[in-house]
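Please look through the model below with the sequence at hand, and follow the description from one part of the fold to the next.

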Amino acid sequence: MSLLDGAPDQNFSGFWGGAKYFWTGGNIDGYHYNIDGKATGLAPIMGVTPTPGIGKLGTYAKLAKMTRGYKGAIQAHHLVEVRHLRRLMMSTKNAPSVILSRTDHAAMTKTLQQLLPYGQTYTKPQLINAYKQAYSNYPEWIDLVVKFLY
């Protein structure tokens, strides 16, 4: 017997159903529901659990596994872009990475594209200088980039 056996299905269809889901966060009568109205677990007692892992550092392979199931809301970001790793014949799976929200990931990618435009090749010192600018608020990221590239 499961804890979810007593959870009745919810109806989140239509405008008012969507509003109900939005306002409750899918947490009704002690159960958490997905948008389809099926119970997925017990509701958190002290509010909504924060998205796990934002800012967590690790290898791309490890962090990509952690971000699965979040439908792109959180993403693993290579600290050294894949295009540079491939040109330098370095592992993309073992490269240092960080978990970012979709919005932060897009913003960081845009910044890197401006600092290191496509269609050019860069030396390791040029890459490091660009990453120091892009990651100026994250000294631990800079350390990982420098260690990985040298």
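Strand 4 and strand 6 run antiparallel and are joined by three bridges, and within this pairing Leu57 has Val98 of strand 6 standing opposite. The model is a predicted one, and what follows should be read with that in mind. On the other flank, strand 6, which covers residues 96–101, pairs with strand 5, again in the antiparallel sense, and here the pairing extends over five bridges. Two positions help to place this second pairing on the screen: Ile74 stands opposite Ser101 in strand 6, while His78 stands opposite Ser97 in strand 6.

Taken together, these strands form an open sheet of three strands in the order 4-6-5, with antiparallel pairing. Strand 4 (57–59) and strand 5 (74–78) are the edge strands, each of them pairing on one side only, and the twist from one strand to the next averages 45 degrees.

How much of strand 6 is buried? Five of its six residues are buried, so strand 6 is largely enclosed by the rest of the structure. Strand 5, although it is an edge strand, is likewise mostly covered, with four of its five residues buried.

The chain around strand 5 offers two residues for closer inspection. Lys71 lies in the loop between helix 2 (60–67) and strand 5, and because its relative accessible area is 79%, above the 50% cut-off, Lys71 counts as exposed. Although Lys71 and Arg102 are 31 residues apart along the chain, their C-alpha atoms are separated by 9.8 Å. His84, by contrast, belongs to helix 3, which spans residues 82–87. Is His84 buried or exposed? With a relative accessible area of 2%, which is under the 20% cut-off, His84 is therefore classed as buried. Leaving aside residues up to four places away in sequence, His84 touches Leu116, Tyr122, Leu127 and Tyr131.

The last feature to consider is a pocket. Rolling a probe the size of a water molecule over the atoms shows where empty space is left. In the second largest pocket, that space comes to about 170 Å³. Which residues line the second largest pocket? The lining is made up of Ile54, Gly55, Leu100, Asp104, Ala107, Met108, Thr111, Tyr138, Glu140 and Trp141. The elements that give two or more residues to this lining are helix 4 (102–115) and helix 6 (139–149), and helix 4 gives the most, with four residues. Sorted by class, the lining of the second largest pocket has six nonpolar residues, together with two polar and two charged ones. Leu100, one of the lining residues, brings the reader back to the sheet, since strand 6 comprises residues 96–101.

Methods:
Residues numbered from 1 in each chain as written. Predicted model: local features only at pLDDT ≥ 70, side-chain atom pairs only at ≥ 80, totals over all residues. Heavy atoms only, no water. 1 Å grid on protein atoms, 1.4 Å probe; cavity = no way out; pocket = protein on both sides within 12 Å on 5 of 7 lines; lining within 4 Å. Points joined across faces, edges and corners; volume = space filled by probe spheres on them. Nonpolar A, V, L, I, M, F, W, Y, C, P; charged D, E, K, R; others polar. Pairing = 2+ DSSP bridges. Axes fitted to C-alpha atoms, helices over the stretch in contact; angles between N-to-C directions. Buried < 20%, exposed > 50% of the residue type's maximum accessible area, 1.4 Å probe, protein only. Contact = heavy atoms within 4.5 Å.
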